[in-house]
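Please open the model in a viewer and keep the selection panel at hand. The tour proceeds from one selection to the next and states what is found at each stop.

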Amino acid sequence: MVFRKLLSISLFLLCPFWIRAQNAEDYFHRGAQFYIWGQKEKSKAEVLTGLRLFPDDPKLNAMAGLLKEEQQEQPQPKPSSEKNDDQKQQQQQQQQQSQQNQSEQKQDSQQQDQNKQGQDQQQQQQQAQSQMGTNEQQQASQQKQSEAEQNDQKEQQAAAAAGQMTREQAERLLDSQKGQEKMLSLKQQGKPADRTRRIKDW
């Protein structure tokens, strides 16, 4: 029995003061405390309860006006149609961004292709120039050879006109004489005839 009395007294002492509120001041203070803690719905409920009991209290009326102003200033949730419009706008923006990205990628690829084409053209030009250079060298060497041949022909013609032998004719003549000398030397290698013998007259 004593335990129950102690329990009831401790519960009465532990209960917050706002449960036992009886006047307008208590409702105002509880509403202000909830407002400070950021619990605006509870603050509004306390103020409205206090106004029902004490409709002429100036502090409760001022607190109610403050809560109404804040509620009006807060952005109200958009209707579903506005949400859909926002989603559509976001999708359109994303599509535009993706299109811009694709166009930029295309431009980059086109620039790369143009750069490759330019490099290919430069390589072709360099190859053509090198081929032209080799062709010019070949033509120059051919011209030199033809000029040398023409000079040789002119020398031969001039020598023939003057009654002299040309170089080629002289070389042929020397070669033929060398061949004859070899033949003569071979004939002489045979046994020499003995001239001391007498020829028989019989």
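The stops below cover confidence, two helices and a set of salt bridges.

**Stop 1: colour by confidence**

This is a predicted model, so begin by colouring the chain by pLDDT. The protein chain has an average pLDDT of 76, and 71% of the residues score at least 70. Select residues 2-14 next: this is helix H1, where confidence is lowest, with a mean of 52. Then select residues 40-53, helix H3, where confidence is highest, at 89.

**Stop 2: helix H3**

Keep H3 selected and display its C-alpha trace. The end C-alpha atoms of H3 are 20 Å apart, which agrees with the 20 Å that its 14 residues should span at 1.5 Å a residue. Which residues of H3 are buried? They are Ser43, Glu46, Val47, Gly50 and Leu51. Turn the view to look down the axis of H3: these buried residues fall within an arc of 135°, so they line one face of the helix. An α-helix has 3.6 residues a turn, so residues three or four places apart point the same way. On the other side of H3, select Glu41, Arg52 and Leu53, which are exposed. To see what the buried residues of H3 pack against, add H2 and H4 to the display.

**Stop 3: helix H4**

Select residues 58-73, helix H4. Its 16 residues reach 23 Å from the first C-alpha to the last, close to the 22 Å expected at 1.5 Å a residue. Within H4, colour Leu60, Met63, Ala64, Leu67 and Glu70, which are buried. They cover an arc of only 125° around the axis, which puts them on the same side of H4. Exposed residues lie on the other side of H4, namely Pro58, Ala62, Lys68, Gln72 and Glu73. The partners of the buried residues of H4 are helix H2 (24-37) and H3.

**Stop 4: salt bridges**

Now show the charged side chains. How many salt bridges does a search of the whole structure find? The search finds four, and three of them can be visited here. Side chains of opposite charge can pair when their charged atoms come close.

Select glutamate 25 and lysine 59, whose closest N and O atoms are 3.0 Å apart in a salt bridge. Glutamate 25 lies in helix H2 and lysine 59 in helix H4, so the pair ties together parts that are 34 residues apart in sequence. Glutamate 25 counts as partly exposed, at 34% relative accessibility, and lysine 59 is also partly exposed, at 36%.

Move on to arginine 30 and glutamate 46, whose side chains meet in a salt bridge at 2.6 Å, N to O. This pair links distant parts of the chain, with arginine 30 in helix H2 and glutamate 46 in helix H3, 16 residues apart. Are these two residues buried or exposed? Both arginine 30 and glutamate 46 are buried.

Finally, select helix H6 (residues 167-188). Here the side chains of glutamate 168 and arginine 172 meet in a salt bridge at 4.0 Å, N to O. Because glutamate 168 and arginine 172 are four residues apart in H6, about one helical turn separates them. Glutamate 168 is partly exposed, with a relative accessible area of 41%, whereas arginine 172 is exposed, at 57%.

Notes:
Residues numbered from 1 in each chain as written. Predicted model: local features only at pLDDT ≥ 70, side-chain atom pairs only at ≥ 80, totals over all residues. Heavy atoms only, no water. pLDDT = per-residue confidence, 0-100. Helix = DSSP H or I, 4+ residues; strand = E, 2+ residues; numbered from the N terminus. Expected span 1.5 Å × (residues − 1). Buried < 20%, exposed > 50% of the residue type's maximum accessible area, 1.4 Å probe, protein only. Arc of directions from axis to C-beta. Contact = heavy atoms within 4.5 Å.
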